[in-house]
Amino acid sequence: MLEPPTTTLASVGRRLAARLLDGVVLLPIWLVLVLSFGGSPASDGAFQIPDTALRVFWVVGTAYEIGLIALSGQTLGKRWMGIRVVDATTGAVPNLDQAGRRAAPSLLGIVPFLGTLAPLLYLPAIWQPRRQGLHDSLASTV
């Protein structure tokens, strides 16, 4: 078995900051989709978000994540935070299959009730020696 490459691991805080920055990047797309698909204020003061906008945004967000991770190992948020996703064995940029497996847990985000549990998939990064959440373990990435 190959020894894992020496990698400086990003802290959980930097990884969280990168994820939040990615949210900022995707926010304008979210707003355009909600308005394009007829989002509007409801009579009770809440905002009606069309299901179609949610589905399209999930596809866009997933494509953003998979595409950029497979291309360079970095989303824009990761680039700004100076971190990169790499293959846990070789240290190379993840391939498309790994990027897809890494994004697979985000599927939970669109399932009613289970979506609220999706953040728990990242918790193992707190105690795992290589700071891998379930998404990284599934894809053999760090």
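Here is a friendly conversation about a predicted model of a protein chain.

Me: What makes up the chain as a whole?
Reply: The chain has seven helices and two strands. Read along the sequence, they follow the pattern α-β-β-α-α-α-α-α-α. Of the 142 residues in the chain, 31% are buried.

Me: Why is Q98 called buried?
Reply: Its relative accessible area is 5%. Buried means under 20%, so Q98 earns the word. You will find Q98 in helix α4.

Me: Which other residues of α4 are buried, and how do you know which side of the helix they are on?
Reply: In α4, which covers residues 96-103, the buried residues are Q98, A99, R102 and A103. They span an arc of only 135° around the axis, so they lie on the same side of α4. A general rule helps here: an α-helix has 3.6 residues a turn, so residues three or four places apart point the same way.

Me: What do those buried residues pack against?
Reply: Their partners are α1 (12-36), α2 (51-72), α3 (76-81) and α7 (134-139).

Me: How do you know that Q98 and D87 make a polar contact?
Reply: Their side chains are joined at 2.7 Å. The cut-off for such a pair of N or O atoms is 3.5 Å, so this pair passes on distance. Q98 has another polar partner: a polar atom of its side chain lies 3.1 Å from the backbone oxygen of A139. Leaving out residues up to four places away in sequence, Q98 touches D87, A139, S140 and T141.

Me: What is found at the start of α4?
Reply: There, a side-chain oxygen of N95 comes to within 3.0 Å of the backbone nitrogen of D97.

Me: What makes I66, I69, V85, A99 and A103 a nonpolar core?
Reply: A core of this kind is a set of buried residues of types such as Ala, Val and Ile, joined through side-chain atoms within 4.5 Å. These five residues make up the largest one in the chain. Helices α2 and α4 each supply at least two of its residues. As a general point, nonpolar side chains tend to be buried together in soluble globular proteins.

Me: Where do α2 and α4 meet, and how do their axes cross?
Reply: On the α2 side are T62, E65, I66, I69 and A70, and on the α4 side are L96, A99, G100, R102 and A103. I66 itself touches L96, A99, G100 and A103, not counting residues up to four places away in sequence. The two axes come within 8 Å and cross at roughly 140°. The crossing is right-handed.

Me: Is D136 buried or exposed, and how do you know?
Reply: D136 is buried: its relative accessible area is 1%, and the limit is under 20%. D136 belongs to helix α7. Its side chain makes a polar contact of 2.8 Å with the side chain of R102. Apart from residues up to four places away in sequence, D136 touches R15, R102, R131, T141 and V142.

Me: What makes S140 partly exposed?
Reply: Its relative accessible area is 35%. Partly exposed covers values between the 20% limit for buried and the 50% limit for exposed, so S140 fits that label. S140 sits in the segment after α7.

Me: What is notable about phi of S140?
Reply: Phi of S140 is near 55°, a positive value in a residue other than glycine. In general, most residues other than glycine have a negative phi.

Me: Why is A18 called buried?
Reply: A18 has a relative accessible area of 0%. Buried means under 20%, so A18 qualifies. This residue is in helix α1.

Me: How many residues apart in sequence are A18 and G77, and how far apart are they in space?
Reply: They are 59 residues apart in sequence, with 4.2 Å from C-alpha to C-alpha. Leaving aside its neighbours within four places in sequence, A18 is in contact with G77, K78, M81 and I83.

Me: What share of the contacts joins residues 24 or more positions apart?
Reply: Such pairs account for 60% of the contacts in the chain with a separation of 6 or more.

Definitions and conventions:
Residues numbered from 1 in each chain as written. Predicted model: local features only at pLDDT ≥ 70, side-chain atom pairs only at ≥ 80, totals over all residues. Heavy atoms only, no water. Buried < 20%, exposed > 50% of the residue type's maximum accessible area, 1.4 Å probe, protein only. Helix = DSSP H or I, 4+ residues; strand = E, 2+ residues; numbered from the N terminus. Arc of directions from axis to C-beta. Contact = heavy atoms within 4.5 Å. Polar contact = N/O pair within 3.5 Å; in protein donor to acceptor, adjacent residues only side chain to side chain. Axes fitted to C-alpha atoms, helices over the stretch in contact; angles between N-to-C directions. Left-handed = near helix turned anticlockwise from the far one by under 90°.
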